[in-house]
Amino acid sequence: MQLSSLPMEEGNEPTVKTRPTQSRVARQRLLRLLVPFLLLCVAISFISLYMIRYFGVQTTLPTALASFQTCVNVEERNKLDLEHWIRPPSNLLHNMTDTQLLWRASFVPQIKEYPFARVPKIAFMFLTKGPLPLAPLWERFFKGHEGLYSIYIHALPSFQADFPSSSVFYRKQIPSQLTEWGTMSMCDAERRLLANALLDISNERFVLVSESCIPIYKFNIVYPYLTKSNHSFMGVFDDPGPFGRGRYSYNMAPEVNIAEWRKGSQWFEINRKVATYIAEDTKFYPKFLEFCRPACYVDEHYFPTMLTIQAGDLLANRSITWVDWSRGGPHPGTFGKADITEEFLKRLLEGETCLYNNQTSSVCFLFARKFAPSALEPLLLVAPKYFGY
């Protein structure tokens with residue numbers, strides 16, 4: 001019996017041909033599902049780009065992720081941001097040039113009320129050649145008043161201070177340059193001190209002292225006297241003689257005319273507004289640099305003249321640093337160990353009257369100079385009785 005293979009072949013043929021047909025149908029169905037989805041994604045992308053470009057709409061993903069960062073809440077983060085601006089420099093040494101420093105120091109908030117609990121501080125700026133031989137007296141004066149004062153030291157660049165870490169003078173030296181008496185380099189040093197002190201926004205009053213200065217009242221008297229004063233203290237007067245107007249150069253005009261020319265004490269105490277005037281000055285500085293040279297001693301004329309023109313109503317026109325010119329000569333008298341007597345101290349503290357906030361006051365001087373290193377020991381002995389510290 002002969003078997004026919006045709007039915008088998010015909011029976012197998014549908015099986016072979018049905019599988020590719022089913023696969024194509026599945027792919028077609030998948031494409032029909034994917035194409036609309038892809039078109040929808042493209043449409044959403046275009047819409048998102050359009051909204052970001054024209055409406056500034058931002059994706060919400062970073063915001064959503066930020067909400068999970070619970071370690072620092074919004075209030076705390078804002079506080080840290082503010083502290084970045086108001087925190088004083090942790091290290092007084094920096095690499096800024098004088099131009100960069102004065103530019104940075106000239107920043108002034110336009111809103112007068114501070115958005116934080118600001119405690120006004122007094123910046124004590126020591127302009128010195130090197131060591132501070134009367135430092136133990138100042139240490140006693142500052143003791144117990146942390147947070148109410150700042151200290152800055154401008155010494156010769158070669159000087160390396162060796163104050164212990166427990167001292168109030170530890171790491172208070174600022175970047176400095178050589179200074180020469182009677183030249184603009186002296187004013188540059190004073191501006192450098194002011195600019196560094198202005199970087200601390202809590203500094204409200206600025207006192208310039210030397211290594212031969214001492215405080216003659218306790219801190220509890222000095223602090224309110226300065227912080228409550230309506231004026232800055234700088235000795236300013238019009239001297240018509242050869243050592244006043246006689247030093248004026250007509251090349252100073254038109255910025256300064258002879259009627260505005262003033263003379264004054266180098267040792268001053270000023271508020272923050274006046275300190276900013278000095279730091280930001282670019283109008284008067286070039287004139288004094290070029291046309292006030294010995295025998296015109298610029299440290300006696302630059303600040304008094306400039307501030308008389310710009311802020312005369314803010315000056316008390318007197319100094320709060322006592323000096324003795326009775327011995328004659330180009331420099332005030334210097335007092336050593338033998339000079340520290342009861343009679344001398346009474347002369348230092350008594351017999352003066354002056355105006356303070358337009359009221360008569362018997363407290364006219366808060367500091368005194370010049371004292372030699374030998375005066376330290378007797379001054380430490382008499383300070384509790386006569387100075388109150």
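**Entry 1: Arg-347 and Asp-324**

I began with Arg-347 and Asp-324, whose side chains meet in a salt bridge at 4.0 Å, N to O. This pair links distant parts of the chain: I located Arg-347 in helix α11 (residues 342-349) and Asp-324 in the loop between β8 (321-322) and α11, 23 residues apart. I noted that the model is a predicted one.

I then looked up the accessibility of both partners. Arg-347 has a relative accessibility of 43% and counts as partly exposed. Asp-324 stands at 7%, and because buried means under 20% relative accessible area, Asp-324 counts as buried.

**Entry 2: Arg-192 and Asp-98**

Next I turned to Arg-192, which forms a salt bridge with Asp-98; the closest N and O atoms are 2.8 Å apart. Here, too, I recorded a link between distant parts of the chain, with Arg-192 in helix α6 (residues 184-198), Asp-98 in helix α4 (residues 98-105), and 94 residues from one to the other.

Is each partner buried or partly exposed? I found Arg-192 buried, its relative accessible area being 4%. For Asp-98 I noted a relative accessible area of 24%, which makes this residue partly exposed.

**Entry 3: Arg-245 and Asp-238**

I also examined the salt bridge between the side chains of Arg-245 and Asp-238, with an N to O distance of 2.8 Å. Arg-245 is partly exposed at 27% relative accessibility, and Asp-238 is partly exposed at 35%.

How many salt bridges did I have to record by this rule? The count comes to eleven.

**Entry 4: Phe-107**

I looked up Phe-107 and placed it in the loop between α4 and β1 (121-127). Its relative accessible area is 40%, so I entered Phe-107 as partly exposed. I then checked Phe-107 against Ala-279, 172 residues away along the chain, and found their C-alpha atoms separated by 10.0 Å.

**Entry 5: The largest pocket**

Last, I turned to the largest pocket, for which I noted a volume of about 1100 Å³. The lining comprises 37 residues, and those closest to the pocket centre are Trp-181, Gln-266, Trp-267, Pro-332 and Arg-369.

Which strands did I find supplying at least two residues each to this lining? They include β6 (263-264) and β8. I had met β8 (321-322) in the first entry, at one end of the loop that holds Asp-324.

I closed with the composition of the lining of the largest pocket: 14 residues are nonpolar, 14 are polar and nine are charged.

Conventions: Residues numbered from 1 in each chain as written. Predicted model: local features only at pLDDT ≥ 70, side-chain atom pairs only at ≥ 80, totals over all residues. Heavy atoms only, no water. Helix = DSSP H or I, 4+ residues; strand = E, 2+ residues; numbered from the N terminus. Buried < 20%, exposed > 50% of the residue type's maximum accessible area, 1.4 Å probe, protein only. 1 Å grid on protein atoms, 1.4 Å probe; cavity = no way out; pocket = protein on both sides within 12 Å on 5 of 7 lines; lining within 4 Å. Points joined across faces, edges and corners; volume = space filled by probe spheres on them. Nonpolar A, V, L, I, M, F, W, Y, C, P; charged D, E, K, R; others polar.
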